[in-house]
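Trainee: Please choose one part of this protein and take me through it slowly, strand by strand where that helps. I would like to see how that part sits within the whole.

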Amino acid sequence: PSYGNAVIIEHDFGYQGDAIYTLYAHLEAPLVVSGERVVTGQAIGLLGNTGQSGGPHVHFEVRLRENTYGSAYNPVLWLAPYVNRGTVAGRVVDARGNFIDDADVTLFLGGTPRDVTTTYVFRGSGSQVNPDPLWNENFVFSDVPVGRYDVVATINGVRVSANVTVREGLTSFVELKPAEDAPAPTATP
């Protein structure tokens with residue numbers, strides 16, 4: 001019920017031997033019927049605001065192996081970026097390599113204090129988005145203009161940054177990991 005009107009496509013190709021499903025939810029009306037074979041470019045539904053929705057949009061999911069809520073993977077990594085754009089995927093981890101939950105990650109235009117955008121890590125907080133089996137990421141910036149960037153997060157009180165070059169049509173990967181965990185703050189007497 002939270003998705004409202006939805007269309008789910010089971011694709012006739014897979015990924016590493018696993019089935020791939022895509023889900024399109026909150027549709028005003030589906031334009032296909034159950035069991036119908038669809039082709040690339042075919043309209044499958046009308047943009048809508050059904051189910052639990054804050055306004056008209058299409059909710060898009062990529063599911064691997066099985067068609068269940070818990071099998072959703074970050075759909076951004078399955079979409080090709082626009083011309084002169086790329087994607088930045090990465091991990092935010094502590095000094096021991098454990099994933100950090102609920103951290104903000106900011107993308108800055110290389111060498112400038114101007115931030116381009118901020119995202120958050122998607123593990124923790126009850127996230128139902130699984131990391132890609134190969135990237136094992138916990139954040140993604142999509143549709144980033146080609147160029148050099150600084151990726152910044154604060155991990156256990158320590159500001160950590162890395163440089164990344166975004167190339168057209170490609171995904172660049174970066175890991176944000178402090179050299180060592182910051183000491184616990186001491187109370188002021």
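**The open sheet and what lies around it**

Mentor: Happy to! Of the 189 residues of the protein, 36% count as buried, that is, under 20% relative accessible area, with exposed meaning over 50% and partly exposed in between (1.4 Å probe, protein chains only). This is a predicted model, in which local features need pLDDT of at least 70 and side-chain atom pairs count only at pLDDT 80 or more, while totals for chains, interfaces and linings use all residues. Residues are numbered from 1 along each chain as its sequence is written, and side-chain values use heavy atoms, leaving out hydrogens and water.

The protein has 14 strands and 0 helices; both are DSSP runs numbered from the N terminus, helices being H or I of at least four residues and strands E of at least two. The C-alpha trace spans about 65 × 40 × 35 Å along its principal axes.

Now to the part I would pick: an open sheet of 5 strands, ordered β1-β2-β5-β6-β10, with mixed pairing. Here two strands pair if DSSP finds at least two bridges between them. At the edges are β1 (5–15) and β10 (129–130), each of which pairs on one side only. Strands of a sheet pair through backbone hydrogen bonds, either parallel or antiparallel.

Let us walk across this sheet. β2 (residues 18–27) runs antiparallel to β5 (residues 59–64), and 6 bridges join them. In this pair, A25 stands opposite H59 of β5. Close by in sequence is an unusual backbone angle: H26, also in β2, is not a glycine, yet its phi is positive, near 70 degrees. H26 counts as buried, at 4% relative accessibility.

From β5 we step to β6 (residues 72–73), again antiparallel, over 2 bridges. R63 has A72 of β6 as its bridge partner. The next step changes sense: β6 and β10 pair in parallel, over 2 bridges. A72 serves here too, standing opposite V129 in β10.

What lies in the loops on either side of β10? Between β9 (115–120) and β10 is the loop that holds V121, which is buried with a relative accessible area of 2%. Setting aside neighbours within four places in sequence, V121 contacts (heavy atoms within 4.5 Å) V92, I100, D101, D102, A103, V105, N138 and F139. Between β10 and β11 is the loop that holds N136, another non-glycine with a positive phi, about 50 degrees. N136 counts as partly exposed, at 29% relative accessibility.

Three of V121's contacts, V92, V105 and F139, lead us onward. They are among the residues that touch the most other members of the largest nonpolar core, which has 20 residues. Such a core is a set of buried Ala, Val, Leu, Ile, Met, Phe, Trp, Tyr and Cys residues joined through side-chain atoms within 4.5 Å. The elements giving this core two or more residues are β7 (85–92), β8 (104–109), β11 (139–145), β12 (147–155), β13 (158–166) and β14 (171–176). Another core, of 6 residues, lies apart from it and includes V7, I9, L27 and I44.
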